[in-house]
Amino acid sequence: MKFFKAFVTILKMFSLRKLWLWTLLKISYELSKFKWFNARWGRYIALSIEPVNVCNLSCIECPTGTQNLSRAKGKFSLIAFENLLHQKAKDLWYLNFYFQGEPFLNSDLPKMIQLASKENIFTSVSTNGMLLNSSIIKNILDSGLHRIIFSVDGTSQEIYEKYRVGGELNVVISQIKEMVRQKKTFNQFFPIIQIQFLVFKHNQHQIDQIKKLGKTLGVDSVQIKSAQIYDYNQKEELIPSISKYSRYQKNQNGEWDIKSSLARHCWRMWHSTVVTQDLDVIPCCYDKDAQFVLGNLKTNDLSQIENNNLYSIFRHQIKTRREQIDMCRNCTEGLKL
């Protein structure tokens, strides 16, 4: 029965409008790879919002955790979210409740997820898991959330806390167990429970162990992901020695470079965008400090912003001088692992 309900849920996410928008976006994106084409057709079908840009941990390569964000601190209000959903609900396939910060520091998050899920939008959230408890987990299951990602970058406290400074591995594992238990109790297919493991040199020896832990806990999947390292030429000790899991490689001068080809096109610029907690619209999740603000929802609807002149100029810069944009030089678009 739960699989039938899941199938019906997924089926409801499809509509002729969304399929048409995806088609327009895909065609115009493919054409954008030619120098002579600069138009973008359609509307955003994917969106990330920032529930809050503060965190309870101090992760060593996170601008929030290291207190390097210069943006004002705050949370995405429920009213602002309702207004945004009113604008975009008919267009969206996917809504991610994560950018910077720990999403569950926003007490309105389960309500936001519930509102989006009722609009037949696939909803996802990423968390360090430290703030969850049995009651919050029940609210998450009731909200209709489709996917939850737990960040677990080690299978022992000693290794885990090298990156997740201030975190307690046993607490996170206990909350994953509790979510798996409740999901089984209520016979639910959603949310898909995923463990995400960022690979660094200090934890690469635990890759097989995290896969085994995922099976033991009963999660739906374990994602092994390469880590973004900001000053990678100054932090060689973080770069995995296993090339398969590293975004970086040494060049002929003995310095580190990202493996990305820095292609002069970007699918993110066509199909998705990010809205910060203070309602700034920015190009993508690599713009951590909102250096490229392309509009604000306090003064304009997202439909007015996504094809405005600022956005068009930025997309043109991606096509003509992407290597000169700081955040693009550490991007996985075109990455060869």
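Me: Why are α3 and α4 described as roughly parallel to each other?
Reply: In this predicted model, side-chain atom pairs count only at pLDDT 80 or more and local features need pLDDT of at least 70, while totals for chains, interfaces and linings use all residues. Residues are numbered from 1 along each chain as its sequence is written, and side-chain values use heavy atoms, leaving out hydrogens and water. The axes of α3 and α4 are 10 Å apart and make an angle of about 10°. Angles under 35 degrees count as roughly parallel, over 145 as roughly antiparallel, 65 to 115 as roughly perpendicular and the rest as oblique. The two helices α3 and α4 are therefore roughly parallel. Their crossing is right-handed, a term for the near helix being turned clockwise from the far one by less than a right angle.

Me: Which residues bring α3 and α4 into contact?
Reply: L78, F81, E82 and L85 of α3 meet K111, M112, L115 and A116 of α4, where contact means heavy atoms within 4.5 Å. By class, this contact of α3 with α4 has six nonpolar, two charged and no polar residues.

Me: What makes α5 and α7 oblique to each other?
Reply: Helix α5 (residues 134-143) and helix α7 (residues 169-185) have axes that come within 10 Å and cross at roughly 45°. The pair α5 and α7 is therefore classed as oblique. The crossing of α5 past α7 is right-handed.

Me: Which residues of α5 and α7 meet?
Reply: On α5 they are S134, I137, K138, I140 and L141, and on α7 they are Q175, E178, M179, Q182 and K183. The residues of this contact of α5 with α7 divide into four nonpolar, three polar and three charged.

Me: How do you know on which side of α3 its buried residues lie?
Reply: The buried residues of helix α3 (residues 78-88) are A80, F81, L84, L85 and K88. They cover an arc of only 135° around the axis, so they lie on the same side of α3. In general, an α-helix has 3.6 residues a turn, so residues three or four places apart point the same way. The exposed residues I79 and H86 are on the face of α3 turned away from its buried side.

Me: What covers the buried residues of α3?
Reply: The cover includes β1 (46-49), β2 (94-97), α4 (109-118), β9 (272-275) and α10 (302-305).

Me: Why is L131 called partly exposed?
Reply: Buried means under 20% relative accessible area, exposed over 50%, and partly exposed in between, with a 1.4 Å probe and protein chains only. L131 has 28% relative accessibility and therefore counts as partly exposed. L131 is in the loop between β3 (122-127) and α5. Leaving aside residues up to four places away in sequence, L131 touches N56, E102, F104, L105 and I136.

Me: What is unusual about phi in N187, and how is L279 described in that respect?
Reply: N187 has a positive phi of about 55° although it is not a glycine. L279, also a residue other than glycine, has a positive phi near 75°. N187 is in the loop between α7 and β5, and L279 is in the loop between β9 and β10 (280-282).

Me: How do you know whether L279 is buried or exposed?
Reply: The relative accessible area of L279 is 13%, so L279 is buried. N187, at 43%, is therefore partly exposed.

Me: What kind of peptide bond joins F190 and P191?
Reply: The bond between F190 and P191 is cis, with omega about 5°. P191 lies in the loop between α7 and β5 (192-199).

Key:
Helix = DSSP H or I, 4+ residues; strand = E, 2+ residues; numbered from the N terminus. Arc of directions from axis to C-beta. Axes fitted to C-alpha atoms, helices over the stretch in contact; angles between N-to-C directions. Nonpolar A, V, L, I, M, F, W, Y, C, P; charged D, E, K, R; others polar.
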